[in-house]
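Good morning, everyone, and thank you for making room for me on the agenda. Please look at the sequence and the structure for a moment before I go on.

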Amino acid sequence: MIKKKDIVHNVMFDKILTFFFGSQNERDVRALKPLLAQVEAKESWAQAFADEDFPKQTQLLKDRLAQGETLDDILPEAFALAREAAYRVLGERAYPVQIMGSLVLHSGRITEMKTGEGKTLMCTCAVYLNSLSGKGVHVVTVNDYLAERDSKWMGRVYQFLGQSVGCILGNMDNEQRKLAYDCDITYGTNNEFGFDYLRDNMQVDLKRKVQRGFNFCVVDE
């Protein structure tokens, strides 16, 4: 049984840690700042490329992964390229706080932003980076309208970078779904992704399976 004095002791210990080292959130933010600085340092590098160079840079990053580097190794360049691509295609430049949010997503954690603070743009850097593995990225939205809208809207950024984009909608047949899942980045709703998973696990003919495994997912909620 947990004793009251133990609870009080733990609370006091947490307060002491927070006093000296800051809250957990503050410590997490401090840990990400060096990564943010690396991305910022690559901004002029990305700005120097002509439009047609962006798919070439994407291929170079994929080559580095194939040679044994990790996603974290190529993160500064990938984030800088995605940021510049969004600016050229959409006229929107991600603020440092949005870059921080994308770093949090890449680390597998949750980032919270208010409505209107640019969540959809914020996701692009993490989505692009993880799509470079060639294993696919899923972006989950709440309904077919948003899935289709965002796949076309943010899809322009990824296509500018040389990546393919698909979208899963409720009225699609098996072959259309498979083509969408084979793209580097696939948009859809939790219902469509979930039911496709269930249907795949009931297929007698494995060639009729539409999904190709699970790698990285962003829930844009």
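The largest cavity holds about 60 Å³ of space, where a cavity is a set of points on a 1 Å grid over the protein atoms alone at which a 1.4 Å probe fits but cannot get out, and a volume is the space filled by probe spheres set on the points, which are joined across faces, edges and corners. This is a predicted model, in which local features need pLDDT of at least 70 and side-chain atom pairs count only at pLDDT 80 or more, while totals for chains, interfaces and linings use all residues. Residues are numbered from 1 along each chain as its sequence is written, and side-chain values use heavy atoms, with hydrogens and water left out.

Among the residues lining the largest cavity, meaning those with an atom within 4 Å of a point, are K135, H138, R212 and F216.

The search of the whole structure finds two cavities of 30 Å³ or more, and the second largest has a volume of about 40 Å³, with a lining that includes V139, D150 and D220.

V139 also takes us to the sheet, since we can ask which residue in β4 stands opposite V139. That residue is V218, and β1 (residues 137-141) pairs with β4 in the parallel sense over four bridges; strands are DSSP runs of E, at least two residues, numbered from the N terminus, and two of them pair if DSSP finds at least two bridges between them. Four strands in all form an open sheet, in the order β2-β3-β1-β4, with parallel pairing, and its edge strands are β2 (165-167) and β4 (216-219).

Key: 1 Å grid on protein atoms, 1.4 Å probe; cavity = no way out; pocket = protein on both sides within 12 Å on 5 of 7 lines; lining within 4 Å.
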